[in-house]
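This report examines selected features of one protein structure, from helix packing to the surface. Please consult the sequence and the coordinates alongside the text.

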Amino acid sequence: FTGDFHAVSTAHALLSAALDNHLQQGNVLGMDPRRIVWRRAVDMNDRALRNIVVGLGGKAHGVPREDGFDITVASEVMAVLCLARDLTDLKERLSRIVVAYTYEGKPVTAGQLKVQGAMAALLKEAIKPNLVQTLENVPAIIHGGPFANIAHGCNSLTATRMGLKLADYAVTEAGFGADLGAEKFLDIKCRMGGLKPDAVILVATVRALKMHGGVPKGDLGREDVPAVVRGGGNLEKHIENLQKFGLPVVVAVNMFPTDTEAELDAVLQICTRHGVAAAKSSVFADGGAGGVEVAEKLLAILATGQASYRPIYPLDMPL
């Protein structure tokens, strides 16, 4: 909403244009048109553009080759923007992006195309976090959005650091579930940014646990406590995985109108058996008031200072 995504798309397009222009102007770097790995990006999910051919129309219009579009959040530029410490670091990271391979199989980078400075200039405003407010006038920083299924799925490192400086408590979301976003946050973003989280809020729902327990989507509105218990194994594994990082866990049970008290109690009992704090959350329906119990559970854990964050693998571990 501030033009950040447009800036990322434009910086991405600049690199794409420079790459194809290099092919057109003699290909001094010896890039193999069959091994170009830098696809284009657009902030629209258009499946017809996923696989295309560019450079058609004759000699003046480029070198024909296969190409395609990804969505902007899947751009490596977005991931780089969200991990950069400042403009200098951003420029350095952009320069290391691999765009193609030569006929000999050697990587070609954006730095070799000499476009990292121009790309950074296009991103000079986008690197700044955006301060907004909720409907209840609570400050929130919204910045960046690297796709979690291929990138690290977290907001920018700059935004998180700013939140830590401006408030007594900072809560950040790691998207696409505890088995993806949370692990990437803890193994990548925290390690690269020197962050040491104090606790994890793990969000669970009755509906999701019932699906894990074998209930078809169309039947999720019917009470089925045994299915919640069966699906509870999924929640238990998430708790176990997060605790391996040395962090205490608070489970927030995100309530839906179709949830019954018996089903909600079943989830809370699963958490109790595993020794983790848990509380029901109705923030969707009730706003901030619906999350007070979760917040109180979290504050109680923070007061104990029991966190001992540690990544679960060393960077020098071989594949």
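The sections below treat helix packing, salt bridges and surface features in turn.

## Basis of the report

The structure is a predicted model. Local features are described where pLDDT is at least 70, and side-chain atom pairs where pLDDT is 80 or more.

## Helix H2 and its surroundings

Helix H2 spans residues 76-83 and packs with helix H3, residues 87-95. The angle between the two helices is about 145°, and their axes lie 9 Å apart. The crossing of H2 past H3 is right-handed. On the H2 side, the contact is made by Val-77, Val-80, Leu-81 and Leu-83; H3 contributes Asp-89, Leu-90, Arg-93 and Leu-94.

H2 is mostly covered, with seven of its eight residues buried. These buried residues are Val-77, Met-78, Ala-79, Val-80, Leu-81, Cys-82 and Leu-83. Val-77, Val-80, Leu-81 and Leu-83 are thus named both among the buried residues and in the contact with H3. The packing of the buried residues extends to several other helices: besides H3, they pack against helix H1 (4-24), helix H4 (116-122), helix H5 (157-166) and helix H6 (178-193).

An α-helix has 3.6 residues a turn, so residues three or four places apart point the same way. In H2, Val-77, Val-80 and Leu-81 are among the residues that make the contact with H3.

## Salt bridges

The whole structure contains 17 salt bridges. One of the pairs is formed by Asp-70 and Arg-39, whose closest N and O atoms are 3.1 Å apart. Asp-70 belongs to strand S5 (residues 69-71), whereas Arg-39 is in the loop between strand S1 (31-36) and strand S2 (40-42), so this pair ties together parts that are 31 residues apart in sequence. Both partners are partly exposed: the relative accessibility is 30% for Asp-70 and 25% for Arg-39.

Lys-128 and Glu-125 form another salt bridge, with an N to O distance of 3.1 Å. Lys-128 is partly exposed at 43% relative accessibility, and Glu-125 is partly exposed at 45%.

A further salt bridge joins Asp-219 and Arg-222, whose closest N and O atoms are 3.6 Å apart. Asp-219 has a relative accessible area of 26% and is partly exposed. Arg-222, at 58%, counts as exposed because exposed residues are those over 50%. Elsewhere, Asp-20, Arg-40, Arg-65 and Asp-67 are joined into one network by salt bridges that share partners.

## The loop between H7 and H8

Gly-221 is located in the loop between helix H7 (206-212) and helix H8 (225-243). The residue is partly exposed, with a relative accessible area of 44%. From Gly-221 to Ile-301 the separation is 80 residues in sequence, and the C-alpha to C-alpha distance is 33 Å.

## A nonpolar surface patch

Which residues make the nonpolar surface patch of about 410 Å²? The patch is made by Ile-312, Tyr-313, Leu-315 and Met-317. Tyr-313 lies in the segment after helix H11 (292-304). With a relative accessible area of 32%, Tyr-313 is partly exposed. This value satisfies the accessibility cut-off for patch residues, because that cut-off is over 30%.

Key:
Residues numbered from 1 in each chain as written. Heavy atoms only, no water. Patch = residues over 30% accessible without salt bridge, like charges linked within 9 Å, V, L, I, M, F, W, Y side chains within 5 Å. Areas by Shrake-Rupley, 256 points an atom, 1.4 Å probe, with all protein chains shown as cover. Salt bridge = Lys/Arg side-chain N within 4 Å of Asp/Glu carboxyl O. Helix = DSSP H or I, 4+ residues; strand = E, 2+ residues; numbered from the N terminus. Buried < 20%, exposed > 50% of the residue type's maximum accessible area, 1.4 Å probe, protein only. Axes fitted to C-alpha atoms, helices over the stretch in contact; angles between N-to-C directions. Left-handed = near helix turned anticlockwise from the far one by under 90°. Contact = heavy atoms within 4.5 Å.
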